[in-house]
Amino acid sequence: RVAKTPVDGVWISDDWGSQLGLLIDPRVWRSMFKPFYKRMIEPLKNEGKHVFFHTCGLTCEIWDDLVEIGVDALNAQIPIAQPREVEKKLKGKICVFSDVDRQHAMPHGTPERVREHIRGLIELCGTQDGGVIMRGELEGVWPIENISAMFEAYEEFGDKAKARVQPGRNPG
């Protein structure tokens, strides 16, 4: 029914990971849950809807599967993944909807560390064939200087990324 509504996209949210990895064996996920998600996503894609998928934890073992079944934007804990995994499995294939590093950089880092963290995420994930959506849920324990640095970095590095997009290409 949702596929037939005038919405542009649908958000699916299931946490599949811990800080150390997938909560279940990836073969079990593929045999039991991937077909279920595919059945959910297929009618949405057939109607031209965008699919956003949220999952906490280190879930890179199933990223290829999520791309394969039609997820358009993945909201995962990119800061805890290995950069080479992000590049190999996501860059240029899907929009990365990334949170900032709320465990280290934001609560304990300096404004410069926050700035470099965000620059690194945008450079790692930002392409015209997928792109990156940056976000940060504000938490009361974060120093105000780091919150300011987060917004300033979004503006500075986001503008630089936009400038790299070729005319006539969809920036994702």
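The exercises below concern the fold, the first helix and four chosen residues of a predicted model.

Residues are numbered from 1 along each chain as its sequence is written, and in this predicted model local features need pLDDT of at least 70, side-chain atom pairs count only at pLDDT 80 or more, and totals for chains, interfaces and linings use all residues. Side-chain values use heavy atoms, with hydrogens and water left out.

**Exercise 1. Describe the fold and the overall dimensions of the chain.**

Step 1. Helices (H or I, at least four residues) and strands (E, at least two) are DSSP runs, numbered from the N terminus. The chain contains six helices and five strands.

Step 2. In sequence order, these elements give the pattern β-α-β-α-β-α-β-α-α-β-α. The chain is as compact as a globular protein of its length, because its radius of gyration is 17 Å, close to the 16 Å that the globule rule gives for 172 residues. The radius is taken over C-alpha atoms, and the rule is 2.2 Å times the number of residues to the power 0.38.

Step 3. Along the principal axes, the C-alpha atoms fill a box of roughly 45 × 40 × 30 Å.

**Exercise 2. State what share of the chain is buried and how its contacts are spread along the sequence.**

Step 1. Buried means under 20% relative accessible area, exposed over 50%, and partly exposed in between (1.4 Å probe, protein chains only). Of the 172 residues in the chain, 42% are buried.

Step 2. A contact means heavy atoms within 4.5 Å. Among contacts between residues at least 6 apart in sequence, 63% join residues at least 24 apart.

**Exercise 3. Characterise helix α1 by its kink and its packing.**

Step 1. Helix α1 spans residues 26-46 and has a kink of about 40° at F33, shortly before the proline P35. The bend at a residue is the angle between axes fitted to the seven residues ending there and the seven starting there.

Step 2. The buried residues in α1 are P26, W29, K34, Y37, I41 and L44.

Step 3. These buried residues pack against β1 (9-13), β2 (50-55) and α2 (63-68).

**Exercise 4. Determine whether V114 and E116 in helix α5 are buried or partly exposed.**

Step 1. V114 is located in helix α5, residues 111-125, and E116 is in helix α5 as well.

Step 2. V114 has a relative accessibility of 0% and therefore counts as buried. E116 has 26% and so counts as partly exposed.

Step 3. Not counting residues up to four places away in sequence, V114 touches A105, M106, N146, A149 and M150.

Step 4. The C-alpha atoms of V114 and L66 are 29 Å apart, with their positions 48 residues apart in sequence.

**Exercise 5. Place V2 and I147 in the chain and list what each touches.**

Step 1. V2 lies in the segment before β1, whereas I147 belongs to helix α6, residues 144-164.

Step 2. At 45% relative accessibility, V2 counts as partly exposed; I147, at 12%, counts as buried.

Step 3. Residues up to four places away in sequence are again not counted: V2 touches V7, V10, L44 and K49, while I147 touches M106, L138 and W142.

Step 4. V2 and E47 are 45 residues apart in sequence and 9.8 Å apart in space, C-alpha to C-alpha.
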